[in-house]
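Reader: I would like a close look at one part of this model, with the surroundings brought in where they help. Please take it slowly and keep the reasoning visible.

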Amino acid sequence: MLGVDLYLLWRAGRRELPALAGVYERAAADLEGVRHDDAEWCALRRSLVSVLAGAARQATEAAEAVCAAAGEYARADAAARAEFERLRGADGRLPQAGAR
Amino acid sequence: MTYELLMAHAAEIQRLASEVAMVGLRGDAGRQAAVEREFADVPDAFRALTGFPDPGRFDAMADGVTSVLRGLSTGDGGDPAVPADPELARFLGTAGALRVWTGPAADRFRTGFLEPWPALVRNQYAIAAVLRSALRAQQEIWARARQDADRIAEQAIGALGACGDCTRTEWSVTFTVVASVAAVAAVPLGGAAALAVGGVAAVAQVVAATGPAEPPQTAFSADDPVEVVERVREAIGLLRGHIRERRDAVAAALATTGRLMDDRPEWFGWR
């Protein structure tokens, strides 16, 4: 994976997705804060608050999963590099026959 | 007009009706008492109209929903007062960054949220727009109901003043409340928002589309104060009926929208 791809993925998990979750959390809280005594209006408001809170949860869960995935990819890349360097040898020569 | 003024009008109607009806009774205490009884219910008839909510209190509620709309706006909702939320605009550009994320969790998020999200957020916006439009419709109902109540009282005072003329007194009341819901601007959904999946935008127009655009005029006529006051009672009854119809229309639009959310949760990202 290219470093820039990994960075953009990491940034989506650290910034864009949490920001989206924040937008939804604020919208749900703002809507819940609107007080009205009309039953039908309140019923529709409850439905939308539930949708918005659900979207916030999804975005938060995705952010965590994306961060975990980005960390995993970075570790895999680092491990691949270390393995590559070990196989290549410190001086860049081919390892002796029999090395794994 | 304030409720105090409306009740002052009611007292004036009661006083004027009694005064006109007593002309010619020449101190007949029994008949005078009967006249007073005839009009004794006038203040109570108007008092039933003083419990209307203050239309001004809907402003804060509508402002609260506007702030929700701003948060959910992708900028194409057709309302210049609700520009795109910058965080949403930024999120729209992240789909590319997430393409390198693979696995079952990534697939679930991609198909269940990321890909349909542009349509989901517009539908969520549409529901919030319905909520705000309903508030504006309710506000308009109560504002016009107050005006109509005032007109009923003022016309009755005028009619009582004309009693005793040789001709039958005629007047009309325009029940502006009937056109109150239609008068509220349509839920502002234009451009791309109108293309959101499943016709949610069409439902969003329901609140604004109910009821006639032109308020009906109802003609009244009377020969004497008793008839004038009877017409006033009738007009108050009509007004209350019209208010009920309009409130029911808004409630029905809200219920229709709610049923849509229940029936098609996937249009809203509701799991």
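Which residues in H2(A) meet which residues in H7(B)?

Author: The model is a predicted one, and what follows should be read as a description of that prediction. On the side of H2(A), the residues that meet the partner helix are Trp41(A), Leu44(A), Arg45(A), Leu48(A), Val51(A) and Leu52(A). On the side of H7(B), they are Gln124(B), Ile127(B), Ala128(B), Val130(B), Leu131(B), Ala134(B) and Leu135(B). Divided by class, the residues of this contact of H2(A) with H7(B) comprise 11 nonpolar, one polar and one charged.

The geometry behind that list can be put in a few numbers, since two packed helices are described by the angle between their axes and the distance between the axes. Helix H2 of chain A covers residues 39-88, helix H7 of chain B covers residues 117-162, and the two pack at an angle of about 155° with their axes 10 Å apart. Because angles over 145 degrees count as roughly antiparallel, H2(A) and H7(B) are roughly antiparallel to each other. The crossing that H2(A) and H7(B) make is left-handed.

A residue of another helix helps to fill in the surroundings of this contact. Leu31(A) belongs to helix H1 of chain A, which spans residues 3-32, and with 0% relative accessibility Leu31(A) counts as buried. Leaving out residues up to four places away in sequence, Leu31(A) touches Arg45(A), Leu48(A), Val49(A) and Leu52(A) in its own chain, and Val65(B), Val68(B) and Leu131(B) in chain B. Among these, Arg45(A), Leu48(A) and Leu52(A) are also residues with which H2(A) meets H7(B), and Leu131(B) takes part in that contact from the side of H7(B). Between Leu31(A) and Ala53(A), which are 22 residues apart in sequence, the C-alpha to C-alpha distance is 11 Å.

The two valines of chain B touched by Leu31(A) lead to a further helix packed on H7(B). Helix H4 of chain B, residues 57-72, crosses H7(B) at roughly 165°, and the axes come within 9 Å. That angle makes H4(B) roughly antiparallel to H7(B), and the crossing of H4(B) and H7(B) is left-handed. The contact draws on H4(B) through residues including Phe58(B), Met61(B), Ala62(B), Val65(B), Val68(B), Leu69(B) and Leu72(B), and on H7(B) through residues including Val121(B), Gln124(B), Ala128(B), Leu131(B), Leu135(B) and Trp142(B). By class, the contact of H4(B) with H7(B) has 14 nonpolar, four polar and four charged residues. Gln124(B), Ala128(B), Leu131(B) and Leu135(B), which face H4(B) in this list, also appear among the residues of H7(B) that meet H2(A).

Since a bench reader may well ask about cysteines, two of them in chain A deserve a careful word. With a relative accessibility of 11%, Cys42(A) counts as buried, whereas Cys67(A), at 24%, counts as partly exposed. A search of the whole structure finds zero disulfides over all chains.

Further along H7(B), there is a link to the start of chain B. Val20(B) sits in helix H1 of chain B and is partly exposed, with a relative accessible area of 24%. Although Val20(B) and Leu160(B) are 140 residues apart in sequence, they are 7.6 Å apart in space, C-alpha to C-alpha. Setting aside neighbours within four places in sequence, Val20(B) is in contact with Leu160(B), Cys163(B) and Pro225(B).

Helix H1 of chain B, residues 3-22, packs in turn with helix H2 of chain B, residues 29-38, at an angle of about 150° and with the axes 9 Å apart. That makes H1(B) roughly antiparallel to H2(B). The contact brings Ser18(B), Ala21(B) and Met22(B) of H1(B) to Gln32(B), Val35(B) and Glu36(B) of H2(B), and by class it has three nonpolar, two polar and one charged residues. H1(B) passes H2(B) in a right-handed crossing. In the loop between these two helices lies Arg26(B), which at 80% relative accessibility counts as exposed.

As a setting for all of this, chain B contains 11 helices and two strands, and 49% of its 271 residues count as buried.

Definitions and conventions: Residues numbered from 1 in each chain as written. Chains lettered and ligands numbered in written order. Predicted model: local features only at pLDDT ≥ 70, side-chain atom pairs only at ≥ 80, totals over all residues. Heavy atoms only, no water. Axes fitted to C-alpha atoms, helices over the stretch in contact; angles between N-to-C directions. Helix = DSSP H or I, 4+ residues; strand = E, 2+ residues; numbered from the N terminus. Parallel < 35°, antiparallel > 145°, perpendicular 65-115°, else oblique. Left-handed = near helix turned anticlockwise from the far one by under 90°. Contact = heavy atoms within 4.5 Å. Nonpolar A, V, L, I, M, F, W, Y, C, P; charged D, E, K, R; others polar. Disulfide = S-S within 2.5 Å. Buried < 20%, exposed > 50% of the residue type's maximum accessible area, 1.4 Å probe, protein only.
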